[in-house]
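The following paragraphs walk through the side-chain contacts and the helix packing of one model. Keep the structure open while reading.

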Amino acid sequence: MFRKLSVILVIGLLAFTAACSSKSSSSTNAASTGVAAGAAATSTPTACPTKNTESFAKTKFVADVAIAGGAFKRYIYTPAKDGKFKKGANGRVLAFVKAAAAGALTVNRLEAAKTAAQANPTLCKLLAEPIAKFSAAVSGLVSKAKGGSIDPSDVDNAGGYLSNLHGAASQGGAAFTDNTNATA
């Protein structure tokens, strides 16, 4: 019992730290609502720079998206596919706590990835919309995880947005791949 409580406490602290370490609160609030994220996605391409405005923008983007995608796949997508969120499943509560924490981390890293993408002209044009859609989908899953009900079809939709983001990143020269050696 003590072990479960300490794991829940650590995950809660990590989620709180990830949520509080965002650089700008207005961009986080915009990504948390689907309508605002859609509006931000349509207005961002016009504000793209003509040359790199930040060093290692693609590298930072790839690192942030890889962390976000990894957290999503490991703690939200895979448990949903394994049935961990269904009523009566063994470890259901812990799976929801992990999903909520991973979702907060994912949204935070997507915001950082969006900032890095906006510093590169190629990434800015290609990735504004896929990042906003994936971020909005994960934000919706976080609120569902807090409520204790995640539908596998919602997870599939978010997985599709991650695939779209992966394709757009590959097209922009900032491809990332899944680590097939990791165990869940």
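E129 and K133 are four residues apart in helix α6 (residues 121-147), so about one helical turn separates them. In this predicted model, the two side chains form a salt bridge whose closest N and O atoms are 2.9 Å apart. Side chains of opposite charge can pair when their charged atoms come close. Both partners sit in the intermediate class of accessibility: E129 is partly exposed, with a relative accessible area of 43%, and K133 is partly exposed at 39%.

A search of the whole structure gives five salt bridges. Another of them joins the side chains of R109 and D64, with an N to O distance of 2.8 Å. This pair links distant parts of the chain, since R109 belongs to helix α5 and D64 to helix α4, 45 residues apart. The two ends of the bridge fall in separate accessibility classes. R109 is partly exposed because its relative accessibility is 22%, and the lower limit of that class is 20%. D64 has a relative accessible area of 11% and is therefore buried, the criterion for that class being a value under 20%.

A further salt bridge is formed by the side chains of K81 and D156, at 2.4 Å from N to O. Here too the pair links distant parts of the chain: K81 is in helix α4 and D156 is in helix α7 (residues 152-171), with their positions 75 residues apart in the sequence. K81 is partly exposed, with a relative accessible area of 44%. D156 also counts as partly exposed, at 35% relative accessibility.

The K81 and D156 contact leads to the two helices that carry these residues. How do the axes of α4 and α7 cross, and within what distance do they come? The axes come within 11 Å and cross at roughly 155°. Angles over 145 degrees count as roughly antiparallel, and α4 and α7 are therefore roughly antiparallel to each other. The crossing in which α4 passes α7 is left-handed.

Aromatic rings give a second set of contacts. Rings count as a pair if their centres lie within 6.5 Å, and by this rule there are three aromatic pairs. In one of them, the ring centres of F72 and Y77 are 6.1 Å apart and the planes stand at 45°, so the pair is tilted. That class takes the angles left between stacked, under 30 degrees, and edge-to-face, over 60. F72 is buried, with a relative accessible area of 0%, whereas Y77 is partly exposed at 25%.

F85 and F96 form another tilted pair, with 4.9 Å from centre to centre and 35° between the planes. F85 lies in the loop between α4 (57-81) and α5 (92-117), and F96 lies in helix α5, so the pair ties together parts that are eleven residues apart in sequence. F85 is buried, with a relative accessible area of 6%, and F96 counts as buried at 7%.

Ring pairs also link F72, Y77 and F134 into a cluster. One member of this cluster has a charged neighbour: K73 lies over the face of Y77, at 5.6 Å from the ring centre. A lysine is placed over a ring in this sense if NZ is within 6 Å of the ring centre and within 35 degrees of the ring normal.

The last stop is the loop between α3 and α4, where S55 is found. S55 is exposed, with a relative accessible area of 53%. Its C-alpha atom is separated by 9.3 Å from that of A116, although the two residues are 61 apart along the chain. F56 also has its place in the loop between α3 (34-43) and α4. Which sign does phi of F56 have? Phi is near 55°, a positive value in a residue other than glycine. F56 is exposed, with a relative accessible area of 63%, and the criterion for that class is a value over 50%.

Technical notes:
Residues numbered from 1 in each chain as written. Predicted model: local features only at pLDDT ≥ 70, side-chain atom pairs only at ≥ 80, totals over all residues. Heavy atoms only, no water. Phe/Tyr/Trp six-rings, centres within 6.5 Å; stacked < 30°, edge-to-face > 60°. Buried < 20%, exposed > 50% of the residue type's maximum accessible area, 1.4 Å probe, protein only. Salt bridge = Lys/Arg side-chain N within 4 Å of Asp/Glu carboxyl O. Axes fitted to C-alpha atoms, helices over the stretch in contact; angles between N-to-C directions. Parallel < 35°, antiparallel > 145°, perpendicular 65-115°, else oblique. Left-handed = near helix turned anticlockwise from the far one by under 90°.
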